[in-house]
Amino acid sequence: LQGEDNIEHLCLACTKLYQALDEGNMLGKRFKRRNVVLKTLYKLVDIDSDPLSLKLAKIILAMKVDGKNLLGVCKLAFKICRNKKNDLIVQNDTLLDYLLQVLWNEDLQTDNEALVYCMAAIKFMSENDALLYKMVSKGAVEMFLELMKQINNIKEHDTYFSKLSHLLVQVTATLRVLADCPLARRRLSDSGAIPELCVALEQRGSDKDVCIWIVRVLSKLSTYNDFCAALADCSRCYVLFLALLNKYQKQQDLVIHIIFILGNLTAKNDQSREQFFKEKESVNTLTSLFQTYYELDLNALTRHHDRKGEGKKDGKYPSKAEDVLIKLIRVLANLSIHPKVGTALAAAHPLVGLLVTVLEYKSVDACEELVINAATTINNLSYYQVENSAVQDKKLHIAEMLVKMLMSYSMDAVVEAVRVFGNLSQHHEIRDFIMQKKIYKFMIALLDSKNREVCFPACGVLLNLTVDEDKRAFLMEEGGIGKLVDCLQDFGPADWQLSCLICKTLWNYSEGMRSTASCFGGDTNTLLLLLTAFLGETRGLG
């Protein structure tokens, strides 16, 4: 029976049998000779041929088997679908329809194991684009969510509760595949997927596998505004995420997805920032996570030094620990935008200490995104002039770390360092530091960049420096006046914010001057022409 010709004949016979049964309205349970047909089909199941197994599975499912027979045929379908080589034959047949019928019709408790294999087969099918669109159009998304709702309705004290976790893993793993599909996402949104996922997460917090799949789904969906808003509306989501972060602190796969979700929730929504911050132990949980992953990263770095005797790291970039830190610091940067939260975080000494430590032990070359995120957060926190600010306490040490960033090859890192100097240079100790270390020369040189994102923060630092009368002469010495005038000419009325910054700097510099020529030198005429032209434009705007 194993010859190719025989297999082909059997496949053809199965196709004809299916057609005859279908045309004679003999599929299902009412056909008199059903048992004879099924026994004949079961004899063929052991033949090692996936095309034949596919034909057999379809007929057996169409005949509405139950109990052990249903479990056997679902296992057979799973075996066919998990082999990627079978994608085309599965795609060109109607096995999917029968598996969806099983999901819809069979009892959750009686046929739990069969449903696990059925759902696992569908999960493999969903990885094929053609089958994915086919199942979405047949209402599969709604079926999966209805199944999840039924599972959620079975509470922890019920004997079936733990048995259903395998099925929930398969359902949520399939939803993760569907989350990549725009058509499926629309159905998920319309069917209220987010609240149901949150219920499952709360009930199954002690099941790590289920939690991982749910947070993977939420992680993907939270990158879209409507899902992010729906998640923010689930008031208990922050409590859930914090509980999971505390419970599974060293489970990097779980942690990284939860932190990513929190980063998305707090990216644009001030209410989410405050809500998360108000949850009990929220800052302590983030600080503890920060400490844990900083130590993991530092230990990995130390081991690598011992092994290689050099600082350059090999392997994946960034490392898993670095990736957690990148996403965790992004959450802190987002939270610090909220005035009330930012003020509290600026005074959180352990947290600020860890941010500064990142700038100490990690170079821009080793992990650019991590260093820039840390600098961005310090910049946000340095904005808050509070009495017990940890950023103010460490400002000179932070300034020393920023000099390292200024020397890097990354323009993004340079700009972020300049932004921090912009806030810190409001303090006279930092202005003295900038003069002493000749950092002002660097700021003046940046004015040549012709890039607004670079010129604006550099000009902010120069403006702060000109507050001190004894520091103003540096502008003329380094050709700074000419560069500021060039900037004014380049950006002019198209960028009033930057133009105002430049004019304020020149105003401070010229305070108490005896003559314009001695003050502005060869740039006097150009400056006069520009200012006159700009005044004309403002009158025109009036």
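**Cysteines, a helix and two domains**

Trainee: Hi! Which cysteine has the sulfur closest to that of C503, and how far away is it?
Mentor: That would be C500, with its sulfur 6.6 Å from the one in C503, which is too far for a bond. Keep in mind that this is a predicted model.

Trainee: OK, and is C503 buried or exposed?
Mentor: Neither, quite: C503 counts as partly exposed because its relative accessibility is 29%.

Trainee: What about C228, where is its closest cysteine sulfur?
Mentor: In C237, 9.2 Å from the sulfur of C228, so that pair is too far apart for a bond too. C228 counts as buried, because its relative accessibility is 11%.

Trainee: So how many disulfides are there in total?
Mentor: The count is 0. A pair of cysteine sulfurs has to be within 2.5 Å to qualify.

Trainee: Switching topic: which residues of helix 20 are buried?
Mentor: In helix 20, residues 339-346, the buried ones are V341, G342, L345 and A346. They sit on the same side of the helix, because they cover an arc of only 130 degrees around its axis.

Trainee: Nice. Where does Q91 lie?
Mentor: Q91 is part of helix 5, which covers residues 87-91. Its relative accessibility is 24%, so it counts as partly exposed.

Trainee: And what does Q91 touch, apart from its neighbours within four places in sequence?
Mentor: It is in contact with N128, A130, L131 and K134. As for D129, its C-alpha is 9.7 Å from that of Q91, though they are 38 residues apart in sequence.

Trainee: Last one: how is the protein divided into domains?
Mentor: Domain 1 is 1-138 and domain 2 is 438-541. Their C-alpha centres are 77 Å apart.

Notes: Residues are numbered from 1 along each chain as its sequence is written. This is a predicted model: local features need pLDDT of at least 70, side-chain atom pairs count only at pLDDT 80 or more; totals for chains, interfaces and linings use all residues. Side-chain values use heavy atoms; hydrogens and water are left out. Domain bounds come from an automatic or database domain assignment. Helices (H or I, at least four residues) and strands (E, at least two) are DSSP runs, numbered from the N terminus. Buried means under 20% relative accessible area, exposed over 50%, partly exposed in between (1.4 Å probe, protein chains only). Contact means heavy atoms within 4.5 Å. The arc is that of the directions from the helix axis to the C-beta atoms.
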